[in-house]
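I have a new structure open and want to get my bearings in it. These are my notes, in the order I looked things up.

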Amino acid sequence: MAHIQEYQDLVLDAVEVVEFKLIRSKNDLEKDDMAFHPMMAHQIFGESESIFGYRGLKVQILYTAGPLHIYLGLEYDKKVDELSNGEIKADDVVATIAEKLPDGCYFVNMDEFLKTLDKADKFQPFGEKLAEYKTKDDESDNERHFEIYYCNFKYPSFLKFFSRLQTFVLWFVDAASYIDVDDPQWSYFICYEKYKNDNGEELFATVGYSTIYEYYAYPQHIRPRISQMLILPPFQKLGIGTKMVETIYKYYHNQKNVIDITVEDPSEEFQRMRNFVDCRLCMELKTFQREEIKKGFTKDKVKEARETYKLNPRQCRKVYEILRLYHTNIHDKDDYTAYRLDVKKRLNAVYHKQLSDIKKMEKAKLDTEWLRARLPTIKQRIEQLQEEYEHVEKDYKQIIQKLRDA
Ligand SMILES: CC(C)(COP(=O)(O)OP(=O)(O)OC[C@H]1O[C@@H](n2cnc3c(N)ncnc32)[C@H](O)[C@@H]1OP(=O)(O)O)[C@@H](O)C(=O)NCCC(=O)NCCS
């Protein structure tokens, strides 16, 4: 009788054995250096992110580079089914992944997949072109050409394509889920690379996307919220994410009914990108010039940033703090102290509010002992505040360096 414990070496890390490729031509099938691994696999294989039952396993998830038709395939040396004479079964990897894919839109037969690749050269971006962007590839020194398009629910064939594109989020964005493409309040910004194939024909490859939910605001306004952004790994760190944020802003800046733009639960990397873009834009505004910045966080800044760039007040405060540090001489004691106090006052606002609420309750002769017990002591709070400040300053300095380099 075979025991599962005997096969512990067949428990594999899904992040290591799963690999993706974006296929532009048949030659790419052989190119190992094109493959990239997922960032995470718990949304597919559970918390342990493991696959059981194979020796020498490679799980291939291939996408045609433009239209993103999907092939799922496995290669392995041995399976536990054979090793245990059929007593123990290996995980059904294809079925587990396929469960998360939109209905019927994947191939397990390579010939069928290759037929879609033959037709992929007809693939064209959907919607309205908003921006073009050229950059030099550091490795090959070739110029690369990217285009960003806007699209919405009015393009049914786009929604089918998008259902395939959003399959990447489960592997690359933490806690992400698929959006409901039938909801007409979603807007989509998609980036493609325009490239030439061996015959010199111009083709498009899909690069990444951002989804925006257009919330209604009384009486006839909208508040767009950036929900997800994903630049596929082979295209990351080329400045495309930054360009996407700028393009989204530009698209909404010109619309009078837009109140402000928010971001849903941003990752640290995304927030850094956004801070950089917002600071670069606001540096040009009247109320963010050196002398004005020194006057503090005044209402006219919130007004100008909202009216010009649709920044919400919270983000405007962040931009103010970064640009004030930019204009602060940290070697001048008074200048630097004034800056630190200003930021710490903001960081301490929640604690301050809690204290003043407790005092109000005590005036009304209410029992506050349990509330006071949950607050840090003054000494602890001073230490916490210093730590929070240092973290914030470190973050800001990175952005300032980028602003100086730009
Ligand atoms: C976060 C994300 C959208 C950023 O996209 P991106 O296209 O890589 O962003 P950019 O290239 O504009 O900027 C990323 C970094 O590359 C740097 N960079 C930009 N152009 C560069 C270039 N030509 N060469 C080297 N580095 C470059 C930027 O300065 C930035 O550096 P930083 O991280 O130190 O601040 C992308 O990494 C991603 O999709 N991540 C996974 C999903 C995710 O976290 N999404 C956001 C939350 S929903």
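What follows is my walk through the sheets, the loops, the ligand shell and one pair of helices.

**Entry 1: before anything else.** I reminded myself that this is a predicted model.

**Entry 2: the six-stranded sheet.** I began with the sheet that runs in the order S9-S10-S11-S12-S13-S14. It is an open sheet of 6 strands, and its pairing is mixed. Which strands stand at the edges? I found S9 (128-136) at one edge and S14 (262-263) at the other. Each has a single partner strand, so one side of each is left without a neighbour in the sheet.

**Entry 3: going strand by strand.** I then walked across the sheet from S9.

- S9 and S10 (residues 143-152) run antiparallel and are joined by 8 bridges. I picked out Lys134, whose bridge partner in S10 is His145.
- S10 and S11 also run antiparallel, with 8 bridges between them. Here His145 turned up again, with Lys194 as its bridge partner in S11. So I could follow a line of residues from Lys134 to His145 and on from His145 to Lys194.
- S11 and S12 are antiparallel too, and 11 bridges join them. Lys196 has Glu202 as its bridge partner in S12.
- S12 and S13 run antiparallel over 10 bridges. In this pair I noted Tyr215, which stands opposite Arg223 in S13.
- S13 and S14 pair in the parallel sense, over 2 bridges. Arg225 has Thr262 as its bridge partner in S14.

I jotted down a general reminder here: strands of a sheet pair through backbone hydrogen bonds, either parallel or antiparallel.

**Entry 4: the hairpins and their turns.** How many residues lie between S11 and S12 in their hairpin? I counted 5, and Gly200 in that turn has a positive phi of about 80°. S12 and S13 form a hairpin as well, with 3 residues between them. Pro219 lies in the loop between S12 and S13. The peptide bond leading into Pro219 from Tyr218 is cis, with omega near -10°.

**Entry 5: an odd phi.** I also stopped at Ala175, which has a positive phi of about 60° although it is not a glycine. Where is it? Ala175 sits in the loop between helix H7 (169-172) and S11. Why did I bother to write down these two backbone details? Because most residues other than glycine have a negative phi, and most peptide bonds are trans.

**Entry 6: the other sheet.** Next I looked at the sheet in the order S2-S5-S6-S8. It has 4 strands, is open, and shows mixed pairing. S2 (18-23) and S8 (106-107) are its edge strands, each pairing on one side only. S2 pairs with S5 (residues 58-64) in the parallel sense over 6 bridges. Within that pair, Ile23 has Thr64 as its bridge partner in S5.

**Entry 7: a helix over the sheet.** Which strands does H8 lie across? I listed S9, S10, S11 (186-196), S12 (202-217) and S13. H8 runs at about 165° to S13.

**Entry 8: around the ligand.** I turned to the ligand, which has 21 residues around it. The ones that come nearest are Ile231, Gln236, Gly239, Gly241 and Thr242. The elements giving two or more residues to this shell are S13 (221-231), H8 (240-253) and H9. So S13 and H8 were familiar by now: I had already seen H8 lying across S13. By class, the shell has 10 nonpolar, 7 polar and 4 charged residues.**Entry 9: H9 and H12.** My last stop was helix H9 (residues 268-282) with helix H12 (residues 313-326). Their axes come within 10 Å and cross at roughly 75°. H9 and H12 are therefore roughly perpendicular to each other. From H9, the contact is made by Asn275, Asp278, Cys279 and Cys282. From H12, it is made by Gln315, Lys318, Val319, Ile322 and Leu323. I sorted the residues of this contact into 5 nonpolar, 2 polar and 2 charged.

**Entry 10: what the record says.** I checked UniProt, where an unreviewed entry lists residues 274-325 as "domain: Histone acetyltransferase type B catalytic subunit C-terminal". In the model, that span is 71% helix and 0% strand. The end C-alpha atoms of residues 274-325 lie 17 Å apart.

Terms used. Residues are numbered from 1 along each chain as its sequence is written. This is a predicted model: local features need pLDDT of at least 70, side-chain atom pairs count only at pLDDT 80 or more; totals for chains, interfaces and linings use all residues. Axes are lines fitted to C-alpha atoms, for helices over the stretch in contact, and angles run from 0 to 180 degrees between N-to-C directions. Angles under 35 degrees count as roughly parallel, over 145 as roughly antiparallel, 65 to 115 as roughly perpendicular and the rest as oblique. Two residues are in contact if their C-beta atoms, placed from the backbone, lie within 7 Å. Ala, Val, Leu, Ile, Met, Phe, Trp, Tyr, Cys and Pro count as nonpolar, Asp, Glu, Lys and Arg as charged, and the others, Gly among them, as polar. UniProt positions are given in the numbering used here, feature names are shortened, and annotations may be inferred rather than shown by experiment. A residue is near a molecule or strand if its C-beta atom, placed from the backbone, lies within 6 Å of it. Two strands pair if DSSP finds at least two bridges between them.
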